[in-house]
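User: Please pick one part of this model and take a close look at it. Then work outwards from that part, so that I can follow the description on the structure itself.

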Amino acid sequence: MMKKYEIQIEPRTFHFRLPAGTSRGVYTERQSWLLRLRSTTDPQRCGVGECAPLPDLSCDAIPEYEKTLRALCDRFEQEGTIDYELMRPYPSMLFGLETAWLHCQHGDVIFDTPFARGEEGITINGLVWMGNYEEMLQRIEDKLEQGFHCVKLKIGAIAFEQELELVKRIRDRFSRREVELRVDANGAFSRDEALYKLELLSQYAIHSIEQPIQARQWSYMAQLCRESPLPIALDEELIGVNLPDMKRQLLNIIKPAYIVLKPSLHGGMSGVREWVDIARSMDIGSWITSALESNIGLDAVAQLAADVYPRQRIAQGLGTGQLFTDNVESCLRIEGEQLWRHPAHE
């Protein structure tokens, strides 16, 4: 039986301009696998997607990643369609295959939106990576100078008192109407200290805090969401929760204010749409962010965000395209606080 498609898998290592610090450690390089898909009946029809699991975080960051990816691609080559149920446990692989297939079907514009056509920008948050106090202060100043009205701080790596001082400095200069402030703890708070720290942070009119405690503590996270003076957003909590009934159960038990969605971690494009639909039915807000993909993955995430939120009012997390020294060329540009596509520059 003739294959309907052929897929080449190209491993790529991208290198960070500066170490990217999180509460789980520091990244200096990023391993990805690029999928280059071609139709066997029409060789002009081709596409590329990116599979980029995060070590120690992605549910599919498995030892024999490329071998499993090859087997799933072989199945797609024969059948010509994605078996979504089979691929639920492999969100980063699913995202890469979805992206490559959509490019093959539709070309550069995988979702026909004003953003994808280069007619509108997407408002994004300015991301401030962890560092020492002086480094973070300078990064905050840089984001504010660039015109960002939504700033997201990664916290949990330096003394909490210093992090509070950084937050205070922003609020001393800008009101909540002028600058929306988000913080991301990446599970850095212990159960004993979490509520106390949330109360201290709440003095500074913070929009939300992502994942204050480690995932898989549903009962305590639910209690925090009830008692916290700050709106709580779930991120790592959603990883590995791949079935619709489990998604509903998690959100129904914890009842967060928001969920933060990354296609590479949370079920590919189809899984993100599923999360958004379930969250909306429960009056839970959401936004989409990239997960340190190269510009190939970032472009797909941005096009998805523009399609999922056509009348977006909330800043998305799509400002990671300048992180690598050896990123692939891209039509994406950050202009002020917005991400734009310029397809003519592809």
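Analyst:
**A loop residue and its surroundings**

L292 is found in the loop that links β11 to α10 (295–308); helices (H or I, at least four residues) and strands (E, at least two) are DSSP runs numbered from the N terminus. The model is a predicted one, in which local features need pLDDT of at least 70 and side-chain atom pairs count only at pLDDT 80 or more, while totals for chains, interfaces and linings use all residues. Residues are numbered from 1 along each chain as its sequence is written, and side-chain values use heavy atoms, without hydrogens and water.

The backbone of L292 has a positive phi of about 65 degrees, although L292 is not a glycine. At 7% relative accessibility, L292 counts as buried (under 20% relative accessible area; exposed is over 50% and partly exposed in between, with a 1.4 Å probe and protein chains only). D283, in the loop between α9 and β11, also is not a glycine and has a positive phi, of about 60 degrees. The relative accessible area of D283 is 73%, so D283 is exposed.

The strand that follows D283's loop is β11 (residues 285–288), which runs parallel to β10 and is joined to β10 by 4 bridges (two strands pair if DSSP finds at least two bridges between them). In this pairing, V260 stands opposite W287 of β11. Between β10 and β11 the chain passes through helix α9 (residues 268–281), in a β-α-β crossover that is right-handed (with the strands pointing away from the viewer, the path from the first strand over the helix to the second runs clockwise).

β10 (residues 258–261) is covered on both faces: Y258 and V260 are buried on one side, I259 and L261 on the other. β10 also runs parallel to β9, with 2 bridges between them. Here I259 in β10 has L234 opposite. The route from β9 to β10 goes through α8, and this β-α-β crossover too is right-handed.

Which residues does E210 touch beyond its neighbours in sequence? E210 belongs to strand β8 (residues 208–210) and is buried, with a relative accessible area of 1%. Apart from neighbours within four places in sequence, E210 is in contact (heavy atoms within 4.5 Å) with K152, V183, D184, A185, N186, A233, D235, V260 and W287. V260 and W287, the opposite pair of β10 and β11, are thus among the contacts of E210.

Two helices can be described from their buried sides. In α7 (residues 218–227), the buried residues are Y220, M221, A222, L224 and C225. The buried residues of α7 pack against α6, α8 (244–254) and β9 (232–234). α8 is the helix crossed on the way from β9 to β10.

The second helix, α5 (residues 160–173), has 14 residues. From first C-alpha to last, α5 reaches 20 Å, close to the 20 Å expected at 1.5 Å a residue (1.5 Å times one less than the number of residues). In α5, F160, E163, L164, L166, V167, I170 and R171 are buried. These residues cover an arc of only 155 degrees around the axis, which puts them on the same side of α5 (the arc is that of the directions from the helix axis to the C-beta atoms). An α-helix has 3.6 residues a turn, so residues three or four places apart point the same way. E161 and D172 are exposed on the other side of α5. The partners against which the buried residues of α5 pack are α4 (133–145), β6 (150–154), β7 (180–184) and α6 (191–201). α6 is also one of the elements that α7 packs against.

A separate open sheet has 3 strands in the order β4-β13-β12, with antiparallel pairing. β4 (122–123) and β12 (332–335) stand at the edges with a single partner strand each, so one side of each has no neighbour in the sheet. β12 pairs with β13 (residues 338–341) over 4 bridges in the antiparallel sense, and Q338 in β13 is the bridge partner of E335.

Last, the cysteines. The whole structure holds 0 disulfides (a disulfide is a pair of cysteine sulfur atoms within 2.5 Å). For C51, which is in no disulfide, the nearest cysteine sulfur is that of C73, 6.6 Å away. C51 is buried, with a relative accessible area of 0%. C59 is in no disulfide either, and its nearest cysteine sulfur, that of C51, is 13 Å away. C59 is partly exposed, with a relative accessible area of 31%.
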